[in-house]
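This report describes the secondary structure, packing and backbone geometry of one protein chain. The sequence and coordinates are shown first.

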Amino acid sequence: GVSDITFLRYDDGALAYAAQPLRRELTRLIRQQRPDVIVTHDPYAGVGRYEVCYLHPDHHAAGQAAFEAAFFCAGGPLFYADQITGGLSPHRVDALYLVMSDNPDGCVDISDTFAVKVAAIRAHASQWGRQPDLEGFFRRMAEQSGAPWEVPLAETFRLMR
């Protein structure tokens, strides 16, 4: 159901080295698109605990840049003033849904949309195309995520307002 998508064209595995330009671009996109909610990776998942080192460096970098752009940059005139003088106005995002968090405090029941999720993941062939039991793998994850909330299939998140 997505009607518009923007690819920022950063190299896979090197997003951490592009933190400043990425944050600038995300701030611009937030000011242009004016979203109420942003879904991104929890940049603080597993931080400081080597036992929980499951967050890919790109996921951490994307989450950190989105968090900073949404909470510190896009809402005020002090960051990237050239965007403001160029016609974009500040925009404050209402909430961030941080996924892959080791401290989730909410969930969304995805039972009705699980098949769409699996189809979308299959379309990301470079990452998941050859997984023998893709649906089973993600079903087990969704079941585990939903169990604490007594939801059959869930996506969990940490909500930041």
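## Tyr80 and other positive phi angles

At a relative accessibility of 12%, Tyr80 counts as buried, where buried stands for under 20% relative accessible area, exposed for over 50% and partly exposed for the range in between (1.4 Å probe, protein chains only). The model is a predicted one, in which local features need pLDDT of at least 70 and side-chain atom pairs count only at pLDDT 80 or more, whereas totals for chains, interfaces and linings use all residues. Residues are numbered from 1 along each chain as its sequence is written, and side-chain values use heavy atoms, with hydrogens and water left out.

Tyr80 is located in the loop between α2 and α3; helices (H or I, at least four residues) and strands (E, at least two) are DSSP runs numbered from the N terminus. Although Tyr80 is not a glycine, its phi is positive, about 55°. Arg9, likewise not a glycine, has a positive phi of about 65°. Arg9 belongs to the segment before α1 and is exposed, with a relative accessible area of 70%. A positive phi, near 55°, also occurs at Arg34, which follows α1.

## Helices

Two helices can be checked against their expected span, defined as 1.5 Å times one less than the number of residues.

| Helix | Residues in helix | Expected span | Distance between end C-alpha atoms |
|---|---|---|---|
| α1 | 15 residues | 21 Å | 21 Å |
| α2 | 17 residues | 24 Å | 22 Å |

For α1 the end-to-end distance agrees with the expected value, and for α2 (residues 57–73) there is agreement as well.

In α1, the buried residues are Leu22, Arg23, Leu26, Thr27, Leu29, Ile30 and Arg31. They pack against β1, α2 and α3 (81–85), contact being defined as heavy atoms within 4.5 Å.

The buried positions of α2 include Asp58, Gly63, Gln64, Phe67 and Cys73, together with several alanines, among them Ala61, Ala65 and Ala70. The packing partners of the buried α2 residues are α1 (19–33), β1 (37–41), β2 (95–99) and β4 (154–160). Helix α2 lies across β1, β2 and β4 and runs at about 150° to β1; axes are lines fitted to C-alpha atoms, for helices over the stretch in contact, and angles run from 0 to 180 degrees between N-to-C directions.

## The sheet

Four strands form an open sheet in the order β1-β2-β4-β3, with mixed pairing; two strands pair if DSSP finds at least two bridges between them. At the edges stand β1 and β3 (106–109), each with a single partner strand, so one side of each has no neighbour in the sheet. From one strand to the next, the twist averages 35°. The pairing of β3 with β4 is antiparallel and extends over four bridges, and the bridge partner of Asp109 in β4 is Ala154.

Thr40 is placed in strand β1 and counts as buried at 9% relative accessibility. Leaving aside neighbours within four places in sequence, Thr40 is in contact with Ala62, Gly63, Ala66, Leu96, Tyr97, Leu98 and Val99.

## Nonpolar cores

In soluble globular proteins, nonpolar side chains tend to be buried together. A nonpolar core is here a set of buried Ala, Val, Leu, Ile, Met, Phe, Trp, Tyr and Cys residues joined through side-chain atoms within 4.5 Å. The largest such core has 16 residues, and those with the most contacts inside it are Leu22, Leu26, Ile30, Ile38, Ala70, Val93 and Leu96. At least two residues of this core come from each of α1, α2 and β2, and α2 gives the most, with six residues. Another core, of eight residues, lies apart from it and has Phe114, Phe138, Ala142 and Leu153 among its members.

Ile38 is in contact with Ile30, Ala70, Val93, Ala95, Leu96 and Tyr97, neighbours within four places in sequence being left aside.

## Cysteines and Met100

The structure holds zero disulfides, a disulfide being a pair of cysteine sulfur atoms within 2.5 Å. Cys73 counts as buried at 0% relative accessibility, whereas Cys107 is partly exposed, with a relative accessible area of 23%.

Met100 is found in the loop between β2 and β3. With a relative accessible area of 35%, Met100 is partly exposed. The C-alpha atoms of Met100 and Ile84 are separated by 33 Å, with the two residues 16 residues apart along the chain.
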